Amino acid sequence: MKYDVSLELENRQESYSFGDVAKQANGSAWIKSGKTVILATVVIDETEIVKDDFLPLTVQYIEKTYAAGKIPGGFFKRETKPSDFETLTSRIVDRSLRPLFPKGFGHPAQITIMVFSADAESDLQVLALNAASAALYTSDIDINTSVSAVRAAKVDGELVLNPTLPQLKSSTLDLYLSGTKDDLLMIEMRSFGGESVEVNDMIIDPLLDPTMGATVMSSHISNAMGEDELIEVFEKTQEVLFDTNSKYENAFANSKKEVVALDLKAHAINDDMVSFVRENHMSDIKSAMNQMAKSERSTALRQLRKNIIANKDEWADVESEVALKDAIEKVKKELVRSQILNEKVRADGRALTEVRPISIDTNVLPNAHSSCLFTRGQTQALVVLTMGGPKDAQMFESLTDSGTQNENFMVHYNFPGFSVGEASPVMGTKRRELGHGNLAKRALEPVVDLDGQTVRLVSEILESNGSSSMATVCGGYMALRAADIDTSDTVAGIAMGMVSDGDNYAILSDIMGLEDHDGDMDFKVTGSKDGITAMQMDIKLGGISLDVLKEALYQAKEGRSHIIDIMLDAEKEIEFNDGVLPSVDFFHIDPSFIGEVIGQAGKTIREMIEKFEVAIDIDKKDGKVKITGKNKDGVAGARGQIEGIVNTPKVAKIKYEVGDKHEGTVKRIVDFGAFIELPDGTDGLLHISKISDKRVDKVSDVLSEGEKITVEILEFKGNKISLGRA
């Protein structure tokens, strides 16, 4: 392959070939970085223009398993439906490139990104966007702005830009940004929870808890990032975006195709209709704005449109009705924005920093492991938690990892049509639902240390008027606590917005659907009172400085703190579903007692498992014990028996010799004899033929459990001791 351009970029090299493959597409770019090869193509339908007021853009990111020398797993040996990673990557590219298309662009457009070769070092999401942008920039579509991506990691406390995948796996930060030379278009951020080692100055008897006798202790932390530190990272990454896009635009200039002339949709607003609505129906629009549910507001505006047409016969045709709808929408948007900017009051009467009323009800579902009904204004999420073991984890394969991976923390988000008053059937998971669930997962995962457990959170959105993903975060955290799962921080989420007209701007906390639709910026921030665990922003900063963004982040922190205080109060009222809630307990024992806990041939531990209906895992190196059971009573009983064994003074082992005689206790009677517990706790077998000089037909006729008898050591068979009656 002949490459037209090779570039040295931040922490990687990229080579591009244009026009050698996929020549019938409007634009194509073949990119090679390391051993990764990606083809991106752009195709538009020049003969069709959609009439609706939206950009008909579709982005598909596709991974081929042969790219990593793999054959698809499962029954079907060809690639089938997209993986979650493919879908989320498609969404990232779409959100980054959609702002580039001019207003009125109505030709169906398809961007396809295919991974033909992949190595374990390359960041496929960064390369996918860069390849797609290169294909779009050099195509015959009149787009003259390059977009690129940069990822930031924090490895051993140091900021690393465009890390390798191995570096990212050891990072406490994953920050993905995309933008042009001048504008930041999109941000995806999450922190990674981990272990923190602390010096232990407490003096505690190590026999009570061996870990407390050590000089260090470890605890789980979320690694949430503070607002000031995050802004510093933004500043450095914006410098990289400027440098990278400058290099792209200079290097790709000679590869651009001749621009094809395309018709744009004319979307002129009828000024006469706008003036009429302003002069005669401002009060009606204000009344409609007060209908806070999307369905109610739409109904009120539709009725206003019909009332106007009923009195204006000349506007009764279809085209005029569409124009009138646009005029009403324009006046409504102006009213929403001017009220916020000039009066500092929002459509529902709230102050700019005010959060809608919140109510929290936990464990409303008696037969679920835990649940939370979280309501904020007219947004309501029912989040349900189910606990499982390691075998319940979601298995998946990624292109750059060897073998199958397991995901033991899942968040599934569902958005049925009835939540916004739409008469639509419940269908399969859409990209938006997958994206919102992934955001909630990234928000909550850093504060949870599951240690082998599997947890699935399902968020059913029952009502939505903005910020349902943030309701999922809040409800998800409360469901974790309602399942008695420990967390290292209390996490909440809030959706922020902004309205601006140049120098004058207003930052909005906890935006509703109307403000999302008519505002200039929408970003979602999750975290604790101290820092941010996840963030998702779809913005175009333009003239908005990072100082304003910092102000917005601190206002979000204030809103989160308010929500967290309400959640902490609700946490005090939690009543666990003890009858159905599985229980897990972790503690340490002295490793030297593990043999006694397990028992001869595993007998002791098996008896506990059967008696208390639990699963018991013991780490033989450090004495860590994990007990999992269907209820707390069983787990507590098993722990009590283990601690009873550990706290019983150890009897020194006796070195037995053949011919020695000892008093023992009949521990268990079987058909072929009796097991006798010797003085140091060791068991020996007294065979039925050795019990008496006379014939014994039934052991229980001669011996009874608990009886003290004197026995003689006859022989050793490996670890087994054969006894006779003395």
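Let us begin at K557, which lies in helix α12, residues 546-571. Helices here are DSSP runs of H or I with at least four residues, strands are runs of E with at least two, and both are numbered from the N terminus. The model before you is a predicted one, in which local features need pLDDT of at least 70, side-chain atom pairs count only at pLDDT 80 or more, and totals for chains, interfaces and linings use all residues. Residues are numbered from 1 along each chain as its sequence is written, and side-chain values use heavy atoms, with hydrogens and water left out.

K557 is partly exposed, at a relative accessible area of 23%. By that term I mean the range between buried, under 20% relative accessible area, and exposed, over 50%, with a 1.4 Å probe and protein chains only. The areas themselves come from the Shrake-Rupley method with a 1.4 Å probe, and for residues only the protein chains shown count as cover. Which residues does K557 contact, once its neighbours within four places in sequence are left aside? They are E227, K529 and D530, where contact means heavy atoms within 4.5 Å. In addition, the C-alpha atoms of K557 and I532 are 8.5 Å apart in space, with the two positions 25 residues apart in sequence.

Helix α12 leads us to the surface charge. E232, E235, E239 and D547 form a patch of negative charge on the surface. A patch is built from residues with over 30% relative accessible area and no salt bridge; like charges are joined within 9 Å, and nonpolar side chains (Val, Leu, Ile, Met, Phe, Trp, Tyr) within 5 Å. Asp and Glu count as negative and Lys and Arg as positive, while His and the chain ends are not counted. Each charge is placed at NZ of Lys, CZ of Arg, CG of Asp or CD of Glu. Helix α4, residues 227-252, supplies the largest share of the patch, three residues. E235 is located in this helix and is partly exposed, its relative accessible area being 39%.

Just ahead of that helix, N223 sits in the loop between β12 (216-221) and α4. Its phi is near 60 degrees, a positive value in a residue other than glycine. N223 counts as partly exposed, at 25% relative accessibility.

I turn now to salt bridges, of which the structure holds 36. The criterion is a side-chain nitrogen of Lys or Arg within 4 Å of a carboxyl oxygen of Asp or Glu. In one of them, R190 and D174 meet at 3.3 Å, N to O. R190 belongs to strand β10 (residues 184-191) and D174 to strand β9 (residues 173-179), so this pair ties together parts 16 residues apart in sequence. Are these partners buried or exposed? R190 is partly exposed at 23%, whereas D174 is buried at 8%.

A second bridge joins the side chains of D585 and R639, at 2.9 Å from N to O. Because D585 lies in strand β24 (residues 583-588) and R639 in helix α15 (residues 632-647), the pair ties together parts that are 54 residues apart in sequence. D585 is buried, with a relative accessible area of 19%, and R639 is partly exposed, at 25%.

A third bridge links D697 with R695, the closest N and O atoms being 3.0 Å apart. Both D697 and R695 are exposed. Elsewhere, salt bridges with shared partners connect D348, R350, R356, R376 and D510 into one network.

D510 deserves a further remark. This residue lies in the loop between β21 (505-509) and α11 (513-518), and its phi is positive, about 55 degrees, although D510 is not a glycine. D510 counts as buried, at 0% relative accessibility.

Another buried residue is T41, with a relative accessible area of 13%. T41 is part of strand β4, residues 36-44. Not counting residues up to four places away in sequence, T41 touches A22, A25, G27, S28, Q110, I111, T112 and A135.

Finally, the chain as a whole. It comprises 15 helices and 31 strands, and its C-alpha trace spans about 120 × 65 × 50 Å along the principal axes. Of its 726 residues, 49% count as buried. Among contacts with a separation of 6 or more, 68% come from residues 24 or more positions apart. The chain exposes about 34700 Å², of which carbon and sulfur atoms supply 49%. It carries 82 positive and 116 negative side chains, and the centres of the two sets are 5 Å apart.
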